[in-house]
Structures are given as structure tokens and as C-alpha cells.
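Hi,

Here is the structure I said I would pass on. Have a look at it first, and then read on for what turned up in it.

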Amino acid sequence: MRAGFPDFRLGNVLATSFTGTLSERHGDPVERIPVPHRLVDWLTVNGLAVDSCTTAQLALARELRESIHVVATAAAVQDPLPVTAVQVINDRSAQGRAAAILTSEGKRQWRLSSVSCVEDALGVIAADAISIVAGERDGKLALCASPTCRAAFFDTSQSRTRKWCDMNTCGNRQKKARFTANQRRIPRSSE
């Protein structure tokens, strides 16, 4: 990773991991892809390597990210899906030219039409968002319980009762806050 930028929050679901490139949406927002080369980095880490990214392609990526966030949030709370955001996701999915290939290890990998085509990578992300919102995968969309985060995430836990988008950040922060509050309430004994 390139120094000077916040770390990526990586998850098991491509679309919701992509929305996590902007975190703390209801607090002090943290932008993890502030410049085009950070989008290149994120795509590479997620198996969608591209050579380069323009400012215009970064704008397309952010528009897709926000559209996925809005649609996933609506789906998680069972509200109607916003038409404009759905259209952005559909457009990015239709414009991408990526193919799923099977590796010799039995894993799916994406092959983009050309190494430098950000639009193909965005098409893969949009298709992933469509599959989770449409209910084609085993799991459910939920919202992070952190009041400053409220990120949409895809819960694949057995009970489907996960509360946090990421236990290492939001979950630990909330547990620490609860512990501190409890410590303040417990009177210290005199020694």
C-alpha cells in the first residue's frame, strides 16, 4: 500500500467492501480512494488489476460506490430501491466487459477485457451488488450498528445477526466505549 493514505477495509463481499472505501459516513468521513492511483490500488488488492485510472474514471467509481451504498441501505431496511441509484448500478454492469474464469484451484477469477479498463472492473463490482441486492447469495444485507458508520454490509454469519460492518474497527470501538462507561459507573474501593 502507498504511504500517507488510510488502510483499506477489506471484506469477503466485493460490492460492500467497495462501499467501505468511504467510511464513517455519519461522523468524520474517511475517504480511502481520494485520488485515482488509490482506486488502482484497491482494484488490484481485490483481484481486478488495472494499469491506470483517470480522474473521470474515479468519478464514475465514486458514483457507483454511492449508488451501491444507497441501494444496499434501502434493501437492508426494506425500503423501495432508489431508481436513480439502481440505474447507475445497471449502467455500470452493462458497460463492463469482464469474464469469469475458473482457476486450476477451482476458484473464480475475473478477466477484464484489457488490463487498463477501469470500467470493466466497475462492471464486476456492479454485478456483485446486483447479486446481493437481488438475494441471489446466501446472506442478508444489514447496517452497521455504529451510529457514526451505518455502513451497509452483507451478513453471512450463521445466525444473520452480525451488528458491525467490521469487528476490528466499529465493533471494537463500541465494545471499548461500553467498557469505559461501565468502569466509570463502578465505584472504586478504597485501598
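Let me start with a pocket, the second largest one. The residues lining the second largest pocket split into six nonpolar, six polar and three charged. About 260 Å³ of space lies in this pocket. Its lining has 15 residues, and those closest to the centre are Leu14, Asn46, Gly47, Arg108 and Trp110. Two elements, α1 and β4 (108-112), give two or more residues to that lining, and β4 gives the most, with three.

Before going further, please keep in mind that this is a predicted model.

The largest pocket holds about 330 Å³ of space. It has 17 lining residues, and Gly11, Asn12, Ser17, Arg162 and Cys165 lie nearest its centre. Here α1 turns up again, since α1 and β6 each supply at least two residues of the lining of the largest pocket. By class, that lining has seven nonpolar, seven polar and three charged residues.

Now for the overall layout. The protein has 191 residues, of which 38% count as buried. You will find six helices and six strands in it. Reading from the N terminus, the order of elements is α-β-β-α-α-α-β-β-α-β-β-α. If you look at contacts with a separation of 6 or more, 55% of them are between residues 24 or more positions apart.

What about the inside? The largest nonpolar core has 34 residues, and Phe18, Leu39 and Ile125 are the ones that touch the most other members. The elements that each supply at least two residues of this core are α1 (14-19), α2 (36-45), α3 (55-76), α4 (83-95), α5 (118-133), β5 (140-143) and β6 (152-155). The largest share comes from α5, with eight residues. To see how Leu39 is packed, try displaying what it touches: leaving out residues up to four places away in sequence, Leu39 touches Phe18, Ile33, Cys53, Gln57, Leu58, Ala61 and Val118. There is also another core, apart from the largest one, with eight residues that include Cys149, Ala151, Cys165 and Cys170.

With those cysteines in view, how many disulfides does a search of the whole structure find? It finds zero. Cys149 is in no disulfide, and the nearest cysteine sulfur, that of Cys165, is 3.7 Å away. A disulfide needs the two sulfur atoms within 2.5 Å, so that pair does not count as one. As for exposure, Cys149 has 1% relative accessibility and therefore counts as buried. Cys144 is buried too, because its relative accessibility is 0%.

One more residue that you may like to click on is Arg92, which sits in helix α4. Is Arg92 buried or exposed? Its relative accessible area is 10%, so Arg92 is buried. Setting aside neighbours within four places in sequence, Arg92 is in contact with Leu60, Glu63, Leu64, Leu122, Gly123 and Ala126. Helix α4, where Arg92 lies, is also one of the elements that supply at least two residues of the largest nonpolar core.

If you only have a few minutes, I would begin with the two pockets and then turn to the cores.

Cheers

Conventions:
Residues are numbered from 1 along each chain as its sequence is written. This is a predicted model: local features need pLDDT of at least 70, side-chain atom pairs count only at pLDDT 80 or more; totals for chains, interfaces and linings use all residues. Side-chain values use heavy atoms; hydrogens and water are left out. Buried means under 20% relative accessible area, exposed over 50%, partly exposed in between (1.4 Å probe, protein chains only). A nonpolar core is a set of buried Ala, Val, Leu, Ile, Met, Phe, Trp, Tyr and Cys residues joined through side-chain atoms within 4.5 Å. Helices (H or I, at least four residues) and strands (E, at least two) are DSSP runs, numbered from the N terminus. Contact means heavy atoms within 4.5 Å. On a 1 Å grid over the protein atoms alone, a cavity is a set of points where a 1.4 Å probe fits but cannot get out, and a pocket is an open set with protein on both sides within 12 Å along at least five of seven lines; lining residues have an atom within 4 Å of a point. Grid points are joined across faces, edges and corners, and a volume is the space filled by probe spheres set on the points. Ala, Val, Leu, Ile, Met, Phe, Trp, Tyr, Cys and Pro count as nonpolar, Asp, Glu, Lys and Arg as charged, and the others, Gly among them, as polar.
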